[in-house]
Amino acid sequence: MKIIKQSKTHKQLILLITIFLIGFFSLFSLNQIFINLVNNLDNKTKNLESRINIGEFISYDIVNLRALFHELATTTTSQKSRDLIKEKIDDTIDVLNESIEILEYGGTLKRFVALNVAGHQNTIKTIKYNKVSKNDYSLEVIDLKPKLIELRNMVSIIEQKLIQRFKLRKTKNIKEFTKSSREIRRYYKTLPAYFTRLSENLGRLLYEGEIELNILNKQISQDKERYMKLKVLLIFCVITIVLIFGFIIIRNVNKDSQALFNLNNKLNINLEKQENQEKYVRAILDAQPNIIMVSDGKEMIDANLSLLKFFDKFKDFETFRDEIQCICNFFETTVPNDDYIINKDYDGLSWSEYILNNQDKEFKIIMKKNGKKHHFSITAMKTVLNENTNESVVIVTLNDITSEINSQIKLKSLNDNLELLISNKTKELQELNENLEQKIIIETLKVREKDKQMIQQSRFAALGEMIGNIAHQWRQPLSAINTTASGMSLQMQLGIASNDDIDESYTKIMGYVDFLTQTIEDFRGFFHEDKDTVDFNITETIDKTLTIISPSYKDNDIEIIKHFPDYQMFSHGMPNELAQVFLNILNNAKDATISNEIKNRYVSIRCEEKDNQNIIYIQDNAGGIPQDIIEKIFDPYFTTKHQSQGTGIGLYMSRDIVEKTMNGSISVRNMSTIIDDKNYDGACFIIKLNKI
C-alpha cells in the first residue's frame, strides 16, 4: 500500500512539474510571438514614413527645377551660362530619377540636408524604403516618370530658342530678334501652369500618404490593443490551467501525504522511516521552481529550497526563520496598483488570512534581490491535517512573474511611444493646416486687392472717354450761355434791354446751368462705387448707362434700339457695378462698328424673363468676333486694340462682376438676326441674372 501511494504521488509531482514547464514555455512563446507582431507593425509604419519623406524630397527637387528653368529661360545670355544651368537641371532630374526608382523598386536614398547649425552645414540624411510587393505601384512613379521625360524635351526646346535668339542678336536682325524673344516669353508663360500642376499632383499624393499613415497608425494602435488583450487572455488561460492542475495535484499530494502520515502512525513506522518520508517530501518541495512556504497561521513551519535561492544570504531555513519572523518584511511598499500586498495586517487579519478570504482576487508582491525588483504572484491555501483536532496548515506559493511584468511594461512603453509619435504627427498636421489656411487667407486678400485694382483701372480706362462725353454734352449749353450773355450785354449797352428781356435771358442761362449740373451728377453717380448689394431695376440701370454713352453714339452715327418689356425686371446686386459692365460692352460695340467701317450702325439692347432669370442681349452689327480669339476675350489683359486704346481688362472685370458680385453669368457668341427689319450680323453678349 505504501509503495503504491508513493508511486502515485511521484507521478503526480512529475505531472505538476511538466505542467509548470509547459505553462512557462507557453508564456515565453506567446510573448515572443506578440513582440514580433508589434515589431512588424512598427516596421510598416516606418516604411510608409520613408515613402512620405522621399516624396517631400521630390517636391523640393521640383521647386528647384522650376527655379533653374526660370533662370535658363529669362536670365542667361551666354552659351557658357546656359550650359552650366542645363547641367544643373540634368543633375536635378537625375536625382529625381534616383528617388523615383527607389519608390519603384525599393532601396536606400542618401541626401545632403543643409542645416543652419554650426558644425552641421551639410548633413547626410539616409532613408531606407522597402517595396512591399511586386504589384505595389507608387502613384508618384506613375505620375512623375513621363513628366520628367517631357521636362527634358522642354529644356531642349527652350535651349534651341535661346541659341536662335543669340544668333539673331549677333547678326543684329532686330525684327527677327524681337520675334524670337516674344516666342520665348510666350513659351515660358506656359511653364508656371505646368509646374503648378506637377506640384499640386505631388502635394495631393503626399497628402494622401499622410492620410494613409494616419489610418495605418490608427490600425496599428487598434491591432496592438487587440494583441495586448489577446495576450493577457492567453496568459490568464495558461496561468489558470496551470494553477487548476497545480491545485488539484497539490491537493492530491497533500491527501497522499496525510494518508501516508496516518498510515505511518497506524503502523508505528519507526523513526528512520519517518525521516526518510520527510526527506522524500522535502525533495518534492525543493524540486518546485516557485517558492512554497508552510505556516501554522502564526509563524513559518517550513519552506522549500527556492526560498533560500532567492534570499541567498541565508545558509538554511532555520537561519532564515530565526532572523526573519515574517517574509512580509521584504514586501515592497511602492507598487504599481492595488493588486499588490504591501502591509502585514489588513483590518485585523494577517496578510495570509486576507488572501484566504479573497480567493476571487489575484494578488502580487514585490521583493528585491541584489537591488533589483522581482514581481511574484502570491496564493494561499489552507489544508486541514486532522479534522478531529482541527489542525491545519497554510501553504503560500510565490511564482516569479517578473519577465511577464517587464514585457507588459515594455509593451506599455511601446504604446506610449506610439501615442507620442501619433500626437507629434497630429500636431505637425495641425500646424501645416494652420499655415495653409493662413497662406490661403493671404493669397485671397491679394487676389481681392488685385481685382479691386483692376476694377479701378477699368474705370480709369473708361474715364478718358467719359470726359469726352462730358465735353460733348457741355459744348452746346456753354455756347448757348455765351450767346445769351453776349446778346443781353449788347442790349444793355444800347439801352434797349428791358427787365423782361433780362429775366428771360437769366432764366435761359439758369436752365443751361441746371443741365450742366445734372450732367455732372449723372457722371458722378455712375462712377460711385457700390458698397452693399441692393434690389434694383435692370432697365433703369441700362437707361442710366445710355445717358452716359449716348452723346458718343450720336457723334459716331450709331443708333441704339431698345426692346424692353412692359413690366419691371428686378435683380439683387450692385447696380453701379453692373452699369460698368454695360458701359464696357457698349464701348466695345462702338469701337467695333467704327473700326470695321460699318455704314448703317446699330446696337440692339433686348431684355426678357425666362426660367426665373432676367436675360439681357446686347448685339451689334460690326461683323462679329474672329473664331480664333472669341474664347479669349474674357481673359485678363487680352485685347485686339492698340496698346494706347485698350488695356484688356474691361471684359475680364465684366465677367468677374457678373459672376462673383451678381451671382450670374455672361457669355458671347456671333449671331445673325433680323430685328425690326434690320439685319444684325455681329457679336451678341448675353447676361443672365437671378430674378427676384
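Tutor: The expected span of a helix is 1.5 Å times one less than its number of residues. With that rule we can begin on this predicted model, taking helix α2 as the opening case.

Student: What makes the reach of helix α2 close to the one expected?

Tutor: Helix α2 covers residues 79-105, 27 residues in number, and its first and last C-alpha atoms lie 38 Å apart, whereas 39 Å is expected at 1.5 Å a residue. Set against that rule, the helix reaches close to its expected span. Just after α2, glycine 106 takes a positive phi of about 90°.

Student: Which residues of α2 are called buried, and what does the word require?

Tutor: The word requires a relative accessible area under 20%, and the residues of α2 that meet it include Arg82, Ile85, Ile89, Thr92, Ile93 and Leu96, with Ser99, Ile100, Ile102, Leu103 and Glu104 also among them. As background, an α-helix has 3.6 residues a turn, so residues three or four places apart point the same way.

Student: Why is leucine 21 called partly exposed?

Tutor: Its relative accessible area is 45%, and since buried means under 20% and exposed over 50%, a value in between is called partly exposed. Leucine 21 sits in helix α1, residues 2-74.

Student: How do you know that leucine 21 can belong to a nonpolar patch on the surface?

Tutor: A patch takes residues with over 30% relative accessible area and no salt bridge, and leucine 21, at 45%, is over that cut-off. Together with Phe24 and Phe25 it forms a nonpolar patch whose accessible area is about 320 Å².

Student: What makes β4 and β7 edge strands in their sheet?

Tutor: The sheet is open, with five strands in the order β4-β3-β9-β8-β7 and antiparallel pairing. β4 (300-303) and β7 (363-369) each have a single partner strand, so one side of each is left without a neighbour in the sheet. From one strand to the next, the twist averages 30°.

Student: How do you know that β7 and β8 count as paired?

Tutor: Pairing asks for at least two bridges, and seven join β7 to β8 (residues 372-386), the two running antiparallel. Lysine 369 stands opposite lysine 372 in β8.

Student: Why is β9 described as largely enclosed?

Tutor: Seven of the 10 residues of β9 (residues 391-400) are buried, so the strand is largely enclosed by the rest of the structure. β9 is joined antiparallel to β8 by 10 bridges and to β3 (residues 291-295) by five. Within these pairings, isoleucine 395 is the bridge partner of methionine 381, and valine 396 that of methionine 293. Between β8 and β9 the hairpin has four residues, and asparagine 390 takes a positive phi near 60° there.

Student: What makes β14 a strand enclosed by the rest of the structure?

Tutor: Seven of the eight residues of β14 (residues 613-620) are buried, so the strand is largely enclosed. Eight antiparallel bridges pair it with β13 (residues 601-610), and seven join it antiparallel to β16 (residues 678-690). Serine 604 has glutamine 619 in β14 as its bridge partner, while isoleucine 615 has lysine 688 in β16.

Student: Why do β11 and β15 stand at the edges?

Tutor: Their open sheet of five strands has the order β11-β13-β14-β16-β15, with mixed pairing. β11 (558-563) and β15 (665-675) each have a single partner strand, so one side of each lacks a neighbour in the sheet. The twist here averages 20° from one strand to the next.

Note on methods:
Residues numbered from 1 in each chain as written. Predicted model: local features only at pLDDT ≥ 70, side-chain atom pairs only at ≥ 80, totals over all residues. Heavy atoms only, no water. Buried < 20%, exposed > 50% of the residue type's maximum accessible area, 1.4 Å probe, protein only. Axes fitted to C-alpha atoms, helices over the stretch in contact; angles between N-to-C directions. Patch = residues over 30% accessible without salt bridge, like charges linked within 9 Å, V, L, I, M, F, W, Y side chains within 5 Å. Areas by Shrake-Rupley, 256 points an atom, 1.4 Å probe, with all protein chains shown as cover. Salt bridge = Lys/Arg side-chain N within 4 Å of Asp/Glu carboxyl O.
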